[in-house]
Amino acid sequence: MQIDKIPTPAYVVDEGKLIKNLEILERVQDDTGCKILLAQKAFSMFCEYPLIGKYLSGTTASGLYEARLGREEMGKENHIFSPAYRESEMDEIAGICDHVIFNSFSQLRRFGPRCIGKASIGLRINPECSTQGGHTIYDPCAPGSRLGVTQEVFDREMETSGRLRSMWPNGDGERNPDILECVDGLHFHTLCEQNADDLEVTLEAVERRFAPYLKQVKWLNMGGGHHITRADYDLERLEKCIRHMQETYDLQIYLEPGEAIALNAGYLVTEVMDIVENGGATTLILDVSAACHMPDVLEMPYRPPLYGSGEPHKKPYTYRLSSCTCLAGDIIGDYSFDREIHPGDRLYFEDMAIYSMVKNNTFNGIALPSIWVMEGGAAQNMSQTGTAHGIQKKLISNSPALADTGCAAEKPPEGECRLVKKFGYADFRGRLS
């Protein structure tokens, strides 16, 4: 079934674009010897894990359930970081994860001994280097952040314990100098949708604050937020950063991007249900919702790309896009088109594979979009050319309003869509009591 025929609302993941991203990430691994992991918090569509596992080194998780999913569905390296772990889950986590990373020395002391002989143990550091330009909600280095150990705290702990690998008390309260021989790595995560120049700045801060400790460990995890598969991303600078840390400190380097894996590889297909006017605003009522189906639109906030559209008033017909929920502020944004939009027309939101399915909800009893995979289109063109670059995408035009308008956004290619999951009333009811 083609994308213009599938029932709405629907998420559609384009495997061709997914492969294009994976090939770029694989090339970074091959060029540098680093290991790249899928951050499941951004994209947990596990039916694609076998494909992703052909290119990447494994998965990383933010809690037990993601860790189980990564182990069960990909079965490669499986890492976890959480600001705090539950006592009741720790043994299971240690049994299924290859790396367990702690957020504080207190968590390290409490649960570290239970990981010895099972998982490689790490500690998250906070280099106190903000590069996000005021986006505090996504800035782990914002003042007062709960994420990671600062240099001040690290140094104070070291003054007490003497060295990184001799800080845990044994049963009688005395120091055991041997037990921390299993603490192998440090981790930082400071970026969000950023280029390699910000990584370079961050690494300067990491070295300035933590160089003595980098010399005592075996691996460094540089976290996520690396927009590696973006068109303007500086791959050469990224690889230079990786090699510098490898050669200076003799470290195995890990990266754990989430968005980069499925960037621009997904659509959210919606149908116009009604049109209402009030105070000069003409609003399209859609069967998708910002609050329910793309929460980052309200949370960040941002205006998602929409195929065939322009900025407000750039084209002859401007509309406000909203939903069927009762939330007055459930507004996706204002867009313009070359011709009038009518009930029954379809719209295609782009870059909807990431932070969508993993964050959606059933507020108001709104139905969850079904999940589809597009198996043709870009993927077919890739197989013909033998490369992920220069893909010639075929275009669709379900409605005259969505004809080629020369907009910068990419258009959904033709390709056979396969249903992966359909949701209904039972899924809504099953989350309640």
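What pLDDT does the protein average, and what percentage of the residues score at least 70?

## Confidence

This is a predicted model. The average pLDDT of the protein is 88, and 86% of the residues score at least 70. In residues 169-180 the pLDDT falls below 50, and this stretch makes 22 contacts in the model beyond near neighbours in sequence. Residues 379-410 also have a pLDDT below 50. Beyond near neighbours in sequence, the stretch 379-410 has 66 contacts in the model.

## Strand 10 and its partners

Strand 10 covers residues 266-278 and pairs with strand 1 (residues 10-14) in the antiparallel sense, over four bridges. Within this pairing, Tyr-11 has Leu-268 of strand 10 as its bridge partner. Strand 10 also runs antiparallel to strand 14 (residues 346-350), to which five bridges join it. One of the residue pairs here is Tyr-267 with Glu-350, the latter in strand 14.

Strand 11 (residues 281-286) is another antiparallel partner of strand 10, joined to it by six bridges. Val-276 lies opposite Thr-283 of strand 11. The two strands, 10 and 11, make a hairpin in which two residues separate them. Gly-279, in the turn, has a positive phi of about 60°.

## Helix 1

Helix 1 spans residues 15-32. Its 18 residues should span 26 Å at 1.5 Å a residue, and the C-alpha atoms at its ends are 26 Å apart, so the two values agree.

At the start of helix 1, Asp-14 places a side-chain oxygen within 2.9 Å of the backbone nitrogen of Gly-16. Gly-16 is itself buried, as are Glu-15, Lys-17, Leu-18 and Ile-19. Further buried residues of helix 1 are Asn-21, Leu-22, Ile-24, Leu-25, Val-28, Gln-29 and Thr-32. After the helix comes Gly-33, with a positive phi near 85°.

## Helix 3

Helix 3 is formed by residues 64-73, and Leu-64, Ala-67, Leu-69 and Gly-70 are buried in it. What do the buried residues of helix 3 pack against? Their packing partners are two helices, helix 2 (49-53) and helix 4 (90-96), together with strand 3 (58-61) and strand 4 (77-81). Gly-75 follows helix 3 and has a positive phi, near 70°.

Methods
Residues are numbered from 1 along each chain as its sequence is written. This is a predicted model: local features need pLDDT of at least 70, side-chain atom pairs count only at pLDDT 80 or more; totals for chains, interfaces and linings use all residues. Side-chain values use heavy atoms; hydrogens and water are left out. pLDDT is the predictor's confidence in each residue, from 0 to 100. Contact means heavy atoms within 4.5 Å. Two strands pair if DSSP finds at least two bridges between them. The expected span of a helix is 1.5 Å times one less than its number of residues. Buried means under 20% relative accessible area, exposed over 50%, partly exposed in between (1.4 Å probe, protein chains only). A polar contact is a pair of N or O atoms within 3.5 Å; within protein, one must be able to donate a hydrogen and the other to accept it, and residues adjacent in sequence count only if both atoms are side-chain atoms.
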